[in-house]
Structures are given as structure tokens and as C-alpha cells.
Amino acid sequence: MTQQCDWLLGNLRLATLTDSEIPYGAIEDGAVALAGDRVIYAGPATDMPDLAARRRLDGRGRWATPGLVDCHTHLVYGGSRAPEFEQRLRGASYEEIARAGGGILSTVAATRLAGEDELYTSGRQRLLRLLEEGVTTVEIKSGYGLDLESELKMLRVARRLGEDLPVTVRTTFLGAHALPAEYREPGADAYIDMLCRDMLPEVARQGLADAVDVFCEGVGFSPAQTERVFEAAAAHGLPVKGHVEQLSDLKGAVLAARHRALSVDHLEYLAAADTNVLAEAGTVAVLLPGAFYYLHETRLPPVAALRERGVPMAVATDLNPGTSPMASLLTAMNQACVLFHLTPEEALRGASVNGARALGLDDRGQLVAGQRADLALWDIDSPAELSYGLNYHRPGALFQGGVLQHDH
Ligand SMILES: O=C(O)CC[C@@H]1NC(=O)NC1=O
Ligand SMILES: [Fe+3]
């Protein structure tokens with residue numbers, strides 16, 4: 001009996017990114033069939049079932065990958081930190097800039113002042129840069145509001161971006177990003193009290209966050225304060241993730257793994273011995289080479305140990321105004337290879353299937369029947385080219401949720 005489908009894509013080479021001995025899970029003479037927002041077939045053209053397609057697309061021998069996933073961004077924010085960039089290059093230290101009101105708190109001030117439409121317009125421009133590169137799922141954090149109304153404002157903007165553009169937006173509440181100036185006196189414990197008592201419950205009640213994140217660092221929050229936020233998140237049914245071991249080893253990753261975190265992010269100062277705990281917890285290691293590059297960091301995350309213990313590695317832009325103003329996931333993939341010594345296949349898995357896992361999503365990131373119909377077609381000779389060039393490629397064709405966005 002002939003089955004109906006909406007799209008039949010032939011004459012393709014597939015980078016399925018399934019678990020396979022074959023690099024990229026590659027299928028040379030491949031075909032893909034879409035019905036609604038799902039893939040119903042992805043495999044050798046010769047094994048294609050009997051399908052009656054409403055529309056057909058000639059893949060023209062292009063490589064098909066899953067839609068890309070950027071699992072860690074702070075792309076909604078007000079103001080700019082370009083002046084600081086210039087000050088630093090003229091010799092000012094971070095401390096001098098922070099004392100003069102710069103750093104995260106200057107973005108907080110600008111974000112609190114910015115109206116919702118202003119945040120939406122600037123965030124939309126940054127998000128469109130990512131979509132141009134074949135990104136179909138993005139995570140967007142709050143964390144520049146640091147009071148209830150401003151955090152809710154940021155999360156509403158993030159939700160609205162996902163409603164208006166052909167992208168799945170997953171939101172993360174990062175109220176524990178920095179200590180706001182008005183809490184410098186009562187101190188960080190008082191701020192965490194308020195966050196757990198007032199902010200997190202309201203964010204959860206309004207359904208504005210899909211996860212909760214904490215900046216666990218000497219310049220952020222302590223492991224004890226981090227754990228209080230994780231416990232409050234669990235009490236409201238929200239999974240957790242953490243900015244951990246970015247500048248020092250506070251065992252934030254071990255703490256996050258103990259709370260079955262979806263992901264632990266940055267990891268430059270993660271001890272190789274602690275990678276076992278991540279493997280046992282099934283927590284994804286998110287690598288953020290943009291911040292490493294921008295901060296002139298020299299300490300590398302323990303990639304060899306993560307690889308050896310089979311910890312899934314994701315790669316993301318960490319798009320934020322202070323340490324990674326980088327709106328290019330393909331560039332992050334290149335940096336992950338050049339700076340962190342990932343292979344191009346690991347980088348592509350990091351920006352697709354493992355990025356999806358870092359968001360708790362198992363319905364995307366591979367070209368397999370049953371997955372979301374998010375896929376990009378690339379005019380390249382090998383999938384390695386996607387990590388090879390810096391901001392070098394754009395997908396020739398893109399499907400998001402089974403809808404053809406373009407086919408150049
Ligand atoms: O400087 C900023 O605006 C954000 C810095 C950013 N946030 C964080 O937790 N780690 C970072 O690198
Ligand atoms: Fe970040």
C-alpha cells in the first residue's frame with residue numbers, strides 16, 4: 001500500500017550522525033522523506049519504501065545534516081560592551097572596568113532600562129545570524145535582569161522569538177548569573193534567598209523557563225548557593241545546568257552531575273578525574289570555545305578524558321556581550337577543532353545531536369525516521385568542511401519542522 005508523504009528528497013549524501021562505525025553515519029546515495037514535522041524515512045535510496053510524495057526536491061548531490069543546535073546562548077540583552085573591549089585593549093584591567101560599573105552589571109543596567117520591544121529587535125538580529133547558518137534549535141538564557149520583572153521580561157522576549165521565527169527556542173532561567181548591585185550589602189545568600197523564594201517560583205508558574213542555570217564560580221555563586229538553586233529548580237520540576245569550572249575548579253560539575261544536570265558548560269578547569277561522574281550521570285559536557293578565545297584563556301578543558309569516558313560533548317556559541325560576542329555556530333565548531341582539538345565529526349555532533357541532548361531533547365539532532373524534520377543541505381564535498389572554514393558556509397536548502405525555508 002503506497003504511503004503518502006509531503007516531501008521526498010533524493011540525490012543526497014546523508015550525515016545521519018547516528019551511532020555508527022562509519023564516520024558521520026554517512027550514507028552516500030541517500031534519500032529522505034518528510035511527513036508533517038517528522039522524518040519518516042532517511043536511508044539508502046535503494047531501500048526507500050513505496051511513497052507518494054506531494055513535493056519532491058532534487059538534492060543535487062548535496063550533503064544533508066540535521067538542523068544545527070546552539071545549546072548555550074545569552075543572545076537577549078541590552079546595551080553593548082564594545083567600549084569595554086576598547087578600554088581593555090588600551091590596557092584597563094577587568095577589575096578596573098568592573099569597579100567603574102562595567103562588566104556583566106553594565107549589561108544588567110542596560111537590559112533593565114531596555115523595553116521589551118527593544119530587547120526583541122536586537123535579539124532577533126542576533127538570532128537571524130544563527131539561523132542563516134542552518135541553526136534550527138537555540139537555547140536562550142535570562143541572566144541580565146537579576147530582578148523578577150526584568151528576568152520575566154527577558155524570558156518573554158526569548159519565547160516570542162521562538163514563536164515568530166522558524167526556530168525552536170528553549171529558555172533557561174539564569175537569575176543566578178551575577179550579584180546585582182542592590183544586593184551587594186545584604187550579600188549573595190540574601191539574593192539567593194529571594195531568587196529561590198520569589199523569582200524561580202514565578203518563572204516556573206508562568207511556564208517561562210525550560211531549565212535553570214547557575215554561574216558557579218568565584219566571581220559568581222558558591223557551590224552551596226548553587227545547590228540551593230538546583231534544589232529549588234527540582235522542587236518546581238525544572239531540570240538544571242551549570243556554568244562550571246570556567247575560571248577555577250569549585251567541583252561545580254560534580255555537584256551538577258549529582259543533581260542529574262542536563263549539561264555542565266565551559267569546563268576549562270574540570271579535573272580529568274571528575275569526567276567519570278559526568279559519564280555516570282549522563283550529563284552532557286558543553287564546550288564554549290568562543291569565551292576561551294575571547295578571554296585569552298590558556299587552560300584547556302579535559303577533552304581527551306571526556307572522549308575516553310564517552311561523555312557526550314556539545315559545542316555552542318555562548319553568544320553574550322562580554323566574553324563571547326560571536327553569532328556563528330560554525331565558527332564555534334571551527335574553534336572547538338582548532339583550540340580544543342575536537343575532530344570535525346565531534347564538532348558537528350556537538351552542534352547537532354549532543355547539543356540537543358544538552359537541552360533534554362531526544363527528538364532531533366540525527367537524520368533518522370521519527371526525528372523532527374529539521375535538516376540542512378550543504379554544497380560541500382565532506383561534512384568536515386563545516387568546521388574547516390570560519391563562517392564559510394550557508395546551507396543551500398533548509399527545512400525547519402518540515403517546512404522548506406529556502407532552496408538556493
Ligand atoms: O560578561 C558577560 O556578560 C557574561 C559572561 C559569561 N557569563 C558567564 O557565566 N560566563 C561567561 O563567560
Ligand atoms: Fe554562558
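1. A strand here is a DSSP run of E of at least two residues, and strands are numbered from the N terminus. In this predicted model, strand β10 covers residues 240-244 and contains His-243.

2. His-243 is one of the residues that the UniProt record, an unreviewed entry, lists under "binding site"; the others named there are His-72, His-74 and Asp-318. Along the sequence these positions spread over 247 residues, yet in space they cluster, with a largest C-alpha distance of 12.2 Å. The lining of the largest pocket includes His-74, His-243 and Asp-318 from this set.

3. Is His-243 buried or exposed? Its relative accessible area is 3%, and because buried means under 20%, His-243 counts as buried. Leaving aside residues up to four places away in sequence, His-243 touches a set of residues that includes His-72, His-74 and Asp-318 from the UniProt list. Among its other contacts are Lys-141, Leu-174, Asp-213, Cys-216, Asp-265 and His-266. The side chains of His-243 and His-72 are joined by a polar contact of 3.0 Å.

4. Asp-318 sits in a loop, between β13 (313-315) and α12 (329-338). Its relative accessibility is 2%, so by the under 20% cut-off Asp-318 is buried as well. With residues up to four places away in sequence again left out, Asp-318 touches His-72, His-74 and His-243, and also Thr-73, His-266, Leu-288, Ala-291, Thr-323 and Ser-324. Which side chain makes a polar contact with the side chain of Asp-318? That of His-74 does, at 3.0 Å.

5. Taken together, the contacts tie the record's positions to one another. His-266 appears in the contacts of His-243 and also in those of Asp-318. The UniProt entry does not include His-266 among the positions it lists for "binding site".

6. On enclosed space, a search of the whole structure finds 1 cavity of 30 Å³ or more. The largest cavity holds about 40 Å³ of space. Its lining consists of Glu-139, Arg-170, Thr-171, Thr-172, Asp-210, Ala-211, Leu-262 and Leu-359. By class, the lining residues divide into 3 nonpolar, 2 polar and 3 charged.

7. Which strand gives the most to the lining of the largest cavity? Strand β8 (residues 168-176) does, with 3 residues. The cavity lining should be kept apart from the lining of the largest pocket, which includes His-74, His-243 and Asp-318.

Key: Residues are numbered from 1 along each chain as its sequence is written. Chains are lettered from A and ligands numbered from 1 in the order in which they are written. This is a predicted model: local features need pLDDT of at least 70, side-chain atom pairs count only at pLDDT 80 or more; totals for chains, interfaces and linings use all residues. Side-chain values use heavy atoms; hydrogens and water are left out. On a 1 Å grid over the protein atoms alone, a cavity is a set of points where a 1.4 Å probe fits but cannot get out, and a pocket is an open set with protein on both sides within 12 Å along at least five of seven lines; lining residues have an atom within 4 Å of a point. Grid points are joined across faces, edges and corners, and a volume is the space filled by probe spheres set on the points. Helices (H or I, at least four residues) and strands (E, at least two) are DSSP runs, numbered from the N terminus. Ala, Val, Leu, Ile, Met, Phe, Trp, Tyr, Cys and Pro count as nonpolar, Asp, Glu, Lys and Arg as charged, and the others, Gly among them, as polar. UniProt positions are given in the numbering used here, feature names are shortened, and annotations may be inferred rather than shown by experiment. Buried means under 20% relative accessible area, exposed over 50%, partly exposed in between (1.4 Å probe, protein chains only). Contact means heavy atoms within 4.5 Å. A polar contact is a pair of N or O atoms within 3.5 Å; within protein, one must be able to donate a hydrogen and the other to accept it, and residues adjacent in sequence count only if both atoms are side-chain atoms.
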